[in-house]
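I opened the notebook to go through the empty spaces first, then one strand and its partners. Entries follow in the order of looking.

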Amino acid sequence: MSGDGSPTRQPVILAADDDEDILEMVAFRLERSGYTVVRAHDGAQALQAARETLPDLIVLDVMMPKLDGYEVTRALRADEATSRIPVILLTARVQDADVQKGFDAGADDYVRKPFSPQELRSRVQAILGRR
Amino acid sequence: MTLFVVIAVLAVLGAVAVLAALEHRTWLTRREARRRETANRLRPSALALIDGEDPQVPTLSGPDTLVFADLLVHYSRGLRGEADDRISGYFESTGAVDRELRHLHGVRERSRVEAAFGLGDLGSSRAVPELVRALDDRSADVRAAATRSLGRLGATTAVQQVIAASVALRVPRAVAGAALLEIGPQAVPSLLELLGHEDPHFRADAAELIGLLGAANDADALPSRLRDGSPEVRAATAAALGRLGSGTARDELVATLQDRVPYVRASAARALGQIGGRTATAALLEVARHDEFDPASEAARALARIDPALVLRAAEEPDSGPHLLEAADRLRL
């Protein structure tokens, strides 16, 4: 409950990854941190879920079937309804050029794979705290 | 009559074989269903152990232990940092690491292969020295499994030994390369040291891997290798500089277009195309017009990346040669 007695809305995070193990670990950590997690298993599903649920933040794997993380981010930025939703890319590609490509596409931050659940939580909290 | 008996016996045997196969398949399906059910039951505990906050690891026995370990192994492949440490800590506390280390020294090849492979997934750095020793195992499969596990463990201390095993053909080059790539950018300091190794194969592999794993500032150590005595090293160095996009090495790469070995010149031309910048165009044009097939072809492609308009103009000239004509045709597509 918030201070005025109205129920506090849990922030909603869309997590998208085609690796079921990674998706479970991401969702588990974020749910334990008090977020509601919506799951997607490929890029097209992620884009659709983002448009339907308008989450507070999106955690996107880069290498996904149908649409990769860069393409999803660009599509989100091009749509007025989703253009301001923060995006964290979860990526095994950590060459400078790949990171730059993510930022050029419109991502707000990135987390390197293999990943640390605690680091992901900190990045999520930092971005949501700034809003 | 005899023929009838034989046919009848064969028919009965066939029917028995089909029934046995069906029974076996049913048994496998049931076993997999039980394993999935157990995994679903234990998954929250595995995730809680990885997460580290309020972990409640159940007391396990029998098949549950194996399924729980299997879950942790799967999750560990996507994790690093404290979460990965917690998984290796769990396996150390249950004695699984010591057990696999004993199997690594076993008599049966199959046990040694499974141990060498499994130790990479258990995540314990205690296994690194033993896995390095396993690179000299008499079995090629054990050596390959140990190499893979050293990559999984991010064993930066084993970089030189993995390259040595690859150079000596004790492990397949692809397996060693994959392991070193998995170790990632942390392998670069060791690779930079190997640029000075006495064996040119080490130097060439090191240069190639620096190109794949390094960052722009790692390129500073490479240009001197463009004057290495081994053409393999010179070609690998040029390729690495191209991948790293090192503009400061452009002049050295232009000089390498005069190398006496054609595949080194080709590698330098390709690198100049990747790096870009118009200061190299005159030298590339010369190579594209007059050099042997491979360097000329690479130079024409590089020019097409750097300055397409120049290629289209050059292709109209009488001495353009086949490679500039081809590059121009590709640009017009």
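How do the residues of the lining of the largest pocket divide into nonpolar, polar and charged? I count 13 nonpolar, 15 polar and ten charged. My classes: Ala, Val, Leu, Ile, Met, Phe, Trp, Tyr, Cys and Pro are nonpolar, Asp, Glu, Lys and Arg are charged, and the others, Gly among them, are polar.

**Ground rules**

I am reading a predicted model, where local features need pLDDT of at least 70 and side-chain atom pairs count only at pLDDT 80 or more, while totals for chains, interfaces and linings use all residues. Residues are numbered from 1 along each chain as its sequence is written, chains are lettered from A and ligands numbered from 1 in the order in which they are written, and side-chain values use heavy atoms, with hydrogens and water left out.

**Largest pocket**

I noted the volume: about 1,100 Å³. The lining has 38 residues, and the closest to the pocket centre are R112(A), P114(A), E182(B), I183(B) and G184(B). For the search, a 1 Å grid over the protein atoms alone is used; a pocket is an open set of points with protein on both sides within 12 Å along at least five of seven lines, a cavity is a set where a 1.4 Å probe fits but cannot get out, and lining residues have an atom within 4 Å of a point. Points are joined across faces, edges and corners, and the volume is the space filled by probe spheres set on them.

I then sorted the lining by element. In chain B, α3 (82–93), α7 (140–152), α9 (173–183) and α11 (200–213) each supply at least two residues. The largest share, four residues, is from α3(B). Elements here are DSSP runs numbered from the N terminus: helices are H or I with at least four residues, strands E with at least two.

**Second largest pocket**

This one holds about 570 Å³. I find 19 lining residues, with L66(B), A69(B), D70(B), V73(B) and L122(B) closest to the centre. Two or more residues each come from α2 (63–76), α3, α4 (96–104) and α5 (109–122) of chain B. Here α2(B) has the largest share, six residues. By class I get nine nonpolar, three polar and seven charged.

**Cavities**

I looked for enclosed space next and found three cavities of 30 Å³ or more. The largest has about 70 Å³. Twelve residues line this cavity, and L89(A), D98(A), V99(A), G102(A) and Y110(A) lie nearest its centre. The elements giving two or more residues are β4, α4 (96–105) and β5 (109–112) of chain A. Of these, α4(A) gives the largest share, four residues. The lining divides into seven nonpolar, two polar and three charged.

The second largest cavity has about 50 Å³. Its lining is S297(B), A300(B), R301(B), H323(B), E326(B), A327(B) and R330(B). In chain B, α16 (293–306) and α18 (321–332) each give two or more residues. The most, four residues, come from α18(B).

**Chain A and strand β3**

Chain A has five helices and five strands. Along the sequence I read β-α-β-α-β-α-β-α-β-α. Of its 131 residues, 50% are buried (under 20% relative accessible area with a 1.4 Å probe, protein chains only; exposed is over 50%, partly exposed in between).

I picked out β3(A), residues 57–61, where five of five residues are buried. Both faces are covered: L57(A), V59(A) and D61(A) are on one side, I58(A) and L60(A) on the other.

What pairs with β3(A)? Strand β1 (residues 12–16) of chain A does, parallel, over four bridges. L14(A) stands opposite I58(A). Strand β4(A), residues 87–91, also runs parallel to β3(A), again joined by four bridges. Pairing here takes at least two DSSP bridges.

I traced the connection onward. β3(A), helix α3 (residues 69–78) of chain A and β4(A) form a right-handed β-α-β unit. Right-handed means that, with the strands pointing away from the viewer, the path from the first strand over the helix to the second runs clockwise.

**D61(A)**

D61(A) is in strand β3 of chain A. Its bridge partner in β4(A) is L90(A). Why does D61(A) count as buried? Because its relative accessibility is 3%. UniProt, in an unreviewed entry, places "modified residue: 4-aspartylphosphate" at D61(A). I keep in mind that UniProt positions are given in the numbering used here, feature names are shortened, and annotations may be inferred rather than shown by experiment.
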